Amino acid sequence: MKKYDVVALGELLVDFTMNGSSKQGNPLFEANPGGAPCNVLSMLQKLGRQTAFIGKTGRDSFGEMLRNVVAEQGIDTGNLIMDEEVPTTLAFVHTAPDGDRSFSFYRNPGADMMLRDGDIDCCLLENAKIFHFGSLSMTAPEVEGATKKAVRTAKESGALISFDPNLRPPLWENLNVAKEKIAYGISQCQILKISDDEIAFFTGMADIDAGVEKIREQYDTPIIFATMGKNGSRVYYGGNIVECSPFLNPDTIDTTGAGDTFMACVLHYILEFGLDGLDEQKLYDMLEFANAASSIVTTKKGALKVMPEEADVRAFIQERKR
């Protein structure tokens with residue numbers, strides 16, 4: 001029996017999200033704990049899963065805050081390292097009226113880039129059912145080496161590999177390099193979540209089905225989840241394509257973490273039912289639950305600290321079906 005349901009590696013940072021204006025008319029920003037891998041783990045903890053995080057922050061006030069918050073969610077922080085020299089990465093999230101976002105990053109370098117292969121606690125990976133990562137842990141040589149070591153160790157230990165490109169163009173000096181690193185991630189994973197924009201970027205195809213088919217032909221990925229924002233989501237599995245409409249929410253204020261919430265929910269279902277023999281009903285239920293949880297998260301600022309409970313997601317689905 002493996003101790004951890006999911007172990008994730010990657011960035012842990014502070015998302016400064018817009019939260020009104022001062023009396024002088026200046027924008028106010030709220031410091032929200034963030035970073036896609038830990039957002040995923042936080043939602044999994046809400047769903048009763050055991051998780052652990054591998055990453056690095058600075059030994060500064062932001063790093064201390066992040067360590068405390070991650071631990072409060074129940075995530076194992078034994079392999080969260082604090083760098084003595086490089087500060088914690090910061091991101092400023094600029095939110096449009098419809099809740100969509102743009103990012104400004106302070107990461108040149110940031111501590112998350114300084115994770116090295118010697119920092120990896122292989123015992124965590126040997127005790128993981130699923131290992132999850134994204135492309136941002138391959139934006140610098142040091143953390144790329146750590147990421148690839150983690151992937152190798154997890155695969156050798158029989159873990160499923162989960163990958164979310166989570167493309168952030170400002171963090172790449174060259175987008176052709178970003179494509180190369182995303183290709184590596186897809187080549188290693190059995191579980192892929194990829195957005196409509198990322199499909200277009202990676203394959204050059206605006207048609208989602210055609211883009212996914214191109215990925216499947218090249219990489220033979222067992223299960224692919226395509227997220228389409230306000231158009232819902234699809235899953236490609238075997239010969240099946242299953243689609244689920246979104247839960248559009250009039251209370252949406254910030255879409256930060258919606259994709260990470262979705263990712264966590266589908267991993268939860270895969271942990272429950274495995275990757276073999278999933279029928280159309282299970283695939284639809286998986287998407288429906290993930291879409292609903294993502295919708296709830298968009299009604300709150302930040303992500304890591306505000307993930308919904310499973311009962312709240314179920315109630316939300318039932319309410320919308322009335």
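**Exercise 1.** In this predicted model, determine which helix holds Gln45, and decide whether Gln45 is buried or exposed.

*Solution.* Step 1: Gln45 belongs to helix H1, which spans residues 36–46. Step 2: the relative accessibility of Gln45 is 15%. Step 3: a residue is called buried when this value is under 20%. Therefore Gln45 counts as buried.

**Exercise 2.** State which residues Gln45 contacts once its neighbours within four places in sequence are left aside.

*Solution.* With those neighbours set aside, Gln45 is in contact with Gln50 and Thr51, and also with Gln73, Gly74 and Ile75.

**Exercise 3.** Establish how many residues of strand S12 are buried, and which way each of them points.

*Solution.* Step 1: strand S12 covers residues 233–237, and five of its five residues are buried. Step 2: Ser233, Val235 and Tyr237 point one way from S12. Step 3: Arg234 and Tyr236 point the other way.

**Exercise 4.** Describe how S12 pairs with strand S11 and with strand S13, and examine the two hairpins.

*Solution.* Step 1: S11 (residues 223–227) pairs with S12 in the antiparallel sense, over five bridges. Within this pairing, Tyr237 of S12 is the bridge partner of Ile223. Step 2: S12 also pairs in the antiparallel sense with S13 (residues 240–244), over five bridges. Here Val235 stands opposite Val242 in S13. Step 3: the hairpin of S11 and S12 has five residues between the strands, and Gly229 takes a positive phi near 60 degrees there. Step 4: the hairpin of S12 and S13 has two residues between the strands, with Gly238 taking a positive phi near 60 degrees.

Notes. Residues numbered from 1 in each chain as written. Predicted model: local features only at pLDDT ≥ 70, side-chain atom pairs only at ≥ 80, totals over all residues. Heavy atoms only, no water. Helix = DSSP H or I, 4+ residues; strand = E, 2+ residues; numbered from the N terminus. Buried < 20%, exposed > 50% of the residue type's maximum accessible area, 1.4 Å probe, protein only. Contact = heavy atoms within 4.5 Å. Pairing = 2+ DSSP bridges.
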